[in-house]
Amino acid sequence: MVSILSVWLRPTQSKVVETIKAENHVYVRGEDKYRGPCPGLNALANHGFLPRDGQAISIDRLKAVLAYLRMSGTLSNVLVSAVVQVINSKPNRSTFDLQDLSIHGLLEHDASLTRLDFRDGDNVHFQPELFELMLADATHGHVHKSQANEDDSYTIRDIARTRARRTLEHRESNAPAVPLMSKLASFLEAAAVPVCLGGGGINVSLTEMKTLFTEEKLPDWIVNPSAAKEKTRKLTAVGLLGMVWVAFQIWVGGWL
């Protein structure tokens, strides 16, 4: 049993963060059976920020990785506290596997952007058809054909359309209602796309977004900022209020 209070009181270990910076984070895609429903965490494992086998991930390691990504202590603690629910759902556990995140009703929920609903079968793995619809929600006329150019961008309004569409599809399918906390989490998850891939800007490179979802691979400017060719974007401090503000814009944008 892991105490949520201990998570909030436990400081991020700076030595672990420095170790992470010095490690080799070359991309090697892991097997799907050792991955979970979150493309971001899967990508972190594929680059070795988290254990490459996706197993026995400690709270200290996760907090250090979030610190490397320049998430504030408050935002990090909120995200890690959610993972603690998964850890505590298993007896005598102090770590988690990426696969554990697929337990329905804890962190995993219906109306995901790129995963099927629980009752539809595979609610864990990436669904290309759903991603194509996500691209079709964008304002670019050619996007749905997967012909993205590097100069194209994916905006908050675009992801707001997808979030609203998936919510409506779920409601019209007469599936069990998504709990309120899961609904709130779905907007924060959607906000993570522009917040984490924006690199200090508002819009996301469409090419990099496609790479994240289809290959579960991170941009060079995140993996190795000093050696990356892309210099206009960089890891930028992310706080809880900033994430909530973007999530609110996505909620509002879905009604426009």
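Is the crossing of α7 and α8 right-handed or left-handed? In this predicted model, the crossing of these two helices is right-handed. The contact itself is made by I156, I159 and R163 on the α7 side and by S186, F187, A190, V193 and P194 on the α8 side. By character, these contact residues divide into six nonpolar, one polar and one charged. Helix α7 spans residues 156-172, and its axis lies 10 Å from that of α8, at an angle of about 150°. Angles over 145 degrees count as roughly antiparallel, and α7 and α8 are therefore roughly antiparallel to each other.

The wider setting of this pair is a chain with 11 helices and four strands. Of its 256 residues, 45% count as buried. Among contacts with a separation of 6 or more, 63% are between residues 24 or more positions apart.

Helix α7 also packs against α6. The axes of α6 and α7 come within 8 Å and cross at roughly 130°. That angle makes the two helices oblique to each other, and their crossing is right-handed. From α6, the residues L130, L133 and M134 meet I159, T162, R165 and R166 of α7. The residues of this contact comprise four nonpolar, one polar and two charged. I159 thus appears in the contact of α7 with α6 and also in the contact of α7 with α8. Residues three or four places apart in an α-helix point the same way, because such a helix has 3.6 residues a turn.

The nonpolar core offers another view of the region. The largest nonpolar core has 59 residues, of which M209 and I250 touch the most other members. Leaving aside residues up to four places away in sequence, I250 touches I156, I159, A160, R163, F187, A190 and A191. Several of these partners, including I156, I159 and R163 of α7 and F187 and A190 of α8, also take part in the contact between those helices.

M209, the other residue named for the core, is one of the buried residues of α9. This helix covers residues 206-215, and seven of its 10 residues are buried, so α9 is largely enclosed by the rest of the structure. Besides M209, the buried residues are L206, E208, K210, T211, L212 and F213. They pack against α3 (39-46), α6 (128-136), α8 (180-197) and α10 (220-223), as well as against the strands β3 (153-154) and β4 (204-205). After α9 comes E216, which has a positive phi, near 55°.

Two further residues illustrate contrasting surroundings. R61 lies in helix α4, which runs over residues 59-68. With a relative accessible area of 17%, R61 is buried, because buried means under 20%. Not counting residues up to four places away in sequence, R61 touches I20, E23, G48, F49 and L50.

F118, by contrast, is found in the loop between β2 (95-96) and α6. Its relative accessibility is 46%, so F118 counts as partly exposed. Beyond residues up to four places away in sequence, F118 touches H104, D110 and N123. F118 and E108 are 10 residues apart in sequence, and their C-alpha atoms are 8.9 Å apart in space.

Methods: Residues numbered from 1 in each chain as written. Predicted model: local features only at pLDDT ≥ 70, side-chain atom pairs only at ≥ 80, totals over all residues. Heavy atoms only, no water. Core = buried A, V, L, I, M, F, W, Y, C linked by side-chain atoms within 4.5 Å. Buried < 20%, exposed > 50% of the residue type's maximum accessible area, 1.4 Å probe, protein only. Contact = heavy atoms within 4.5 Å. Axes fitted to C-alpha atoms, helices over the stretch in contact; angles between N-to-C directions. Parallel < 35°, antiparallel > 145°, perpendicular 65-115°, else oblique. Left-handed = near helix turned anticlockwise from the far one by under 90°. Nonpolar A, V, L, I, M, F, W, Y, C, P; charged D, E, K, R; others polar.
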